[in-house]
Amino acid sequence: METVEELKQQLRNLQDQLKQQEKLASLGLLTAGIVHEIRNPLNFVINFSKLSDTLLNDLGDDLDDNLDKLPADDADDISDIMADLRENLGKIREHGERATSIIQNILQYSRGKEGERIPSDINAIVHEYTWLGYHAMRANYNGFNVTITEQYAEALPPIAVVPQDISRALLNVVNNAFYAVWERLQAEGDSYHPEVAISTIAANGELSIVISDNGIGMTPEVKEKIYQNFFTTKPLGQGTGLGMSITRNIINQHNGRIEFDSVEHSGTCFTLIIPILKK
Ligand SMILES: Nc1ncnc2c1ncn2[C@@H]1O[C@H](COP(=O)(O)OP(=O)(O)OP(=O)(O)O)[C@@H](O)[C@H]1O
Ligand SMILES: [Mg+2]
C-alpha cells in the first residue's frame, strides 16, 4: 500500500510531466513558426545571388567588347576577380538552397497531425537531426567538437512513422551521445577524441537506428534508472531526465524496441528498432 506522501509525490511528478509536455508542444509550434519566417529571407539570399550572377555575365560581355581598350594585365586581373565572384555566388546559392531544404524538412516533420503515420525517409531524418543536435551542442558548449560518421541503409523505402515523434526520439538519443562525449572530453582533455557513429540497418523487416558514442558511459545505477522519469545525471537546468522515457514511449508506439549497451568511461551504443511498415 502506498502512503499518502508517496501518492502526493507521484501527483507532483505527473504535474511536472504535464508541464513538460505542454512546453514541448509549444516548442513544436514555435519551431514551425521560426522555420516559416526564415524561408522568406533565405529566398531573398538565393534570388539575389542568381540575379548577381546574371549581372556578372553582362559585365563579362561588356568587358569582352572593350578588351582592346584595357592594358592586358588589368584585363586578366578583372577576369580572375570575376571568376572568383562567380564561384562565391555559386556557393551562396548552393548553401542557401541547402538551408532551405533543411528547414523545409523540419517543417514537414513538425507539421504532421497528432499521431499520424506518414511514409518517411528515415535516413534523411536521422541525418538532419544528427546535425541539428551537433550544431545545438556547438552553440551551447564552448569548445565542443566531435567526429561524426554516418552510414545509411541503401535503397531504404519510405517507412510509415509519426515523423515528428521519431525526430524527437532521435534528437534525444543523439543529444545524449553528444553530451556523453562532451563529459568525457571535460574529464580527459585533449588526448581524447570524441566520436559518434550513426547508422541505419535494414534486416528481417526491421530498421535499426544505431547511435554509438565513445563517451563517458554509464554506471550500473544509471543503466538501471535510465528510463525513469526525471532521472538525470546532468547538472540542474541542463536535463529534465524525461528524454529516455519519452523516447521509449515513442518507440513503443511504433511497435519497436530499444536496446543499449554501455561501458563506463568507454562508451554507449543505443539501437532503436522499428518494424519497416510501408503504410
Ligand atoms: N549516451 C549516453 N552515455 C552516457 N549516459 C547516458 C547516455 N544516454 C543517457 N545517459 C544517461 O541517462 C540519463 C537519462 O537520460 P535522459 O535522456 O532520459 O535525460 P537527460 O538527457 O538527462 O535529460 P533530457 O530530459 O533533457 O533528455 C542521462 O542523464 C545520462 O546519465
Ligand atoms: Mg536526454
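Buried area is the accessible area, taken with a 1.4 Å probe, that two parts lose on being put together, summed over both. In this predicted model, domain 1 and domain 2 bury about 1,100 Å² between them. Of that area, 63% is on carbon and sulfur atoms.

**The two domains**

Domain 1 covers residues 1–111, and domain 2 covers 118–275. Their C-alpha centres lie 25 Å apart. Domain 1 puts 11 residues into the contact, and domain 2 puts in 14.

What about polar links across this interface? No salt bridges are found between domain 1 and domain 2: the count is 0. Residue pairs in polar contact also number 0, with both residues required to be at pLDDT 80 or more.

On the domain 1 side, helix 1 (4–65) and helix 2 (72–111) each supply at least two of the residues that touch domain 2. Helix 1 gives the largest share, 6 residues. By class, this side of domain 1 has 4 nonpolar, 6 polar and 1 charged residues.

**Ligand 1**

Which residues come nearest to ligand 1? Of the 21 residues around the ligand, they are Thr232, Thr233, Lys234, Thr240 and Met244.

Three distances to oxygen atoms of ligand 1 follow.

| Residue | Atom on the residue | Distance to a ligand 1 oxygen |
|---|---|---|
| Threonine 233 | side-chain N or O | 2.5 Å |
| Asparagine 176 | polar side-chain atom | 2.8 Å |
| Leucine 242 | backbone N or O | 2.9 Å |

Threonine 233 thus appears twice: among the residues that come nearest to ligand 1, and with a side-chain N or O atom 2.5 Å from a ligand oxygen. Leucine 242 uses a backbone atom, while asparagine 176 uses its side chain.

Notes:
Residues are numbered from 1 along each chain as its sequence is written. Chains are lettered from A and ligands numbered from 1 in the order in which they are written. This is a predicted model: local features need pLDDT of at least 70, side-chain atom pairs count only at pLDDT 80 or more; totals for chains, interfaces and linings use all residues. Side-chain values use heavy atoms; hydrogens and water are left out. Domain bounds come from an automatic or database domain assignment. Contact means heavy atoms within 4.5 Å. A salt bridge is a side-chain nitrogen of Lys or Arg within 4 Å of a carboxyl oxygen of Asp or Glu. A polar contact is a pair of N or O atoms within 3.5 Å; within protein, one must be able to donate a hydrogen and the other to accept it, and residues adjacent in sequence count only if both atoms are side-chain atoms. Helices (H or I, at least four residues) and strands (E, at least two) are DSSP runs, numbered from the N terminus. Ala, Val, Leu, Ile, Met, Phe, Trp, Tyr, Cys and Pro count as nonpolar, Asp, Glu, Lys and Arg as charged, and the others, Gly among them, as polar. A residue is near a molecule or strand if one of its heavy atoms lies within 4 Å of it.
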